[in-house]
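Please walk through this protein model with me, one region after another, and explain how its parts fit together.

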Amino acid sequence: HAPLASINLEVTNPNLAGLPLRKLPTLRDSGAVVSRFSRGGVASVPRPETALQLGDMLHVVGPREALDALKVIVGVESPVDVKALPGDIVARQVIVTRHAPLGKTIDELALSARFGVTVTRVHRSGIELPVKPELGVHYADSLVVVGPSEGIDRVAAELGDSQKLLQHPHVIPIFVALLLGVLLGSMPLY
């Protein structure tokens with residue numbers, strides 16, 4: 001996987017005025033995520049139902065090809081760094097250590113709708129993955145979550161975010177696997 005990039009875009013396409021963010025062409029399946037947006041000089045986390053307006057600034061994270069495609073649709077690259085604008089937004093890595101979210105997709109977790117946050121990156125075994133709705137969550141995934149502090153705290157509580165659990169191996173499954181291996185290995189093959 002190529003490393004993810006980011007870009008600040010200004011909405012200059014009049015066809016997008018009033019369009020909810022979730023209906024922005026190519027966004028959903030491209031692996032690109034709008035992590036922040038600004039209207040009136042204040043940064044906030046957009047929701048899927050956020051209606052775009054001309055002049056809105058979007059901070060988008062994703063594969064370079066997806067960002068280039070969005071730039072053609074949205075408008076122009078902006079010199080304004082949306083991440084540097086004032087607002088109640090923080091970014092934090094949250095590690096999946098609870099079993100409840102395992103196997104669920106980013107879409108099924110619905111973190112944006114439930115907590116007002118956006119997942120911008122997923123790190124799995126040292127590989128940075130683009131965030132797509134169908135991406136499943138695995139144990140020890142590190143999710144970069146952007147949003148208000150209280151929303152991120154609630155996400156961390158739901159996903160686990162426990163370094164302590166990562167440092168202690170799950171001994172029982174290892175023991176069972178070894179025992180099964182010994183039992184199967186001791187059976188004669190006639």
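Leu135 is found in the loop between strand 8 (127-129) and strand 9, where helices (H or I, at least four residues) and strands (E, at least two) are DSSP runs numbered from the N terminus. This is a predicted model, in which local features need pLDDT of at least 70 and side-chain atom pairs count only at pLDDT 80 or more, while totals for chains, interfaces and linings use all residues. Residues are numbered from 1 along each chain as its sequence is written, and side-chain values use heavy atoms, with hydrogens and water left out.

Leu135 has a relative accessible area of 16% and is therefore buried, a word that stands for under 20% relative accessible area, with exposed meaning over 50% and partly exposed in between (1.4 Å probe, protein chains only). If neighbours within four places in sequence are left aside, Leu135 is in contact with Lys104, Thr105, Ile106, Val122, Arg124, Leu129 and Pro130, contact being defined as heavy atoms within 4.5 Å. Leu135 and Gly103 are 32 residues apart along the chain, and their C-alpha atoms are separated by 9.1 Å.

The strands on either side of this loop belong to an open sheet of four strands, which has the order 6-9-7-8 and antiparallel pairing; two strands pair if DSSP finds at least two bridges between them. Strand 6 (90-95) and strand 8 stand at the edges with a single partner strand each, so one side of each is left without a neighbour in the sheet. On average, and with direction ignored, neighbouring strands of this sheet are turned by 25 degrees against each other, where axes are lines fitted to C-alpha atoms, for helices over the stretch in contact, and angles run from 0 to 180 degrees between N-to-C directions. Strand 6 and strand 9 run antiparallel and are joined by six bridges, and Gln93 has Val144 in strand 9 as its bridge partner. Helix 5 lies across strand 6 and strand 9, running at about 5 degrees to strand 6.

Helix 5 leads on to the largest nonpolar core, which has 20 residues, those with the most contacts inside it being Val119, Leu143 and Val145. Such a core is a set of buried Ala, Val, Leu, Ile, Met, Phe, Trp, Tyr and Cys residues joined through side-chain atoms within 4.5 Å. At least two residues of this core are supplied by each of helix 3 (106-109), helix 4 (111-115), strand 7 (118-124), strand 9 (142-147) and helix 5 (149-159), and helix 5 gives the most, with four residues. Apart from neighbours within four places in sequence, Val119 is in contact with Val33, Ile106, Leu111, Val131, Leu143, Val144 and Val145. A second, separate core of 19 residues includes Val11, Leu21, Phe37 and Leu52.

Another open sheet has five strands in the order 3-2-4-1-5, with antiparallel pairing. Strand 3 (42-44) and strand 5 (75-77) stand at its edges, each with a single partner strand, so one side of each is left without a neighbour in the sheet. Strand 1 (residues 5-11) and strand 4 (residues 57-62) pair in the antiparallel sense over six bridges, and Ala5 stands opposite Gly62 in strand 4. Helix 2 (residues 64-74) packs on the sheet, where it touches strand 1, strand 4 and strand 5, and its direction makes about 5 degrees with that of strand 1.

Within this sheet, six of the seven residues of strand 2 are buried, so strand 2 is largely enclosed by the rest of the structure. Strand 2 pairs with strand 4 in the antiparallel sense over five bridges, and Arg36 has His59 in strand 4 as its bridge partner. Strand 2 also pairs with strand 3, antiparallel and over three bridges, and in their hairpin, which has two residues between the strands, Gly40 takes a positive phi near 75 degrees.

Strand 2 (33-39) also takes part in the lining of the largest pocket, to which helix 1 (27-30), strand 2, helix 3, helix 4 and strand 7 each supply at least two residues. The largest share of this lining, three residues, comes from helix 4.
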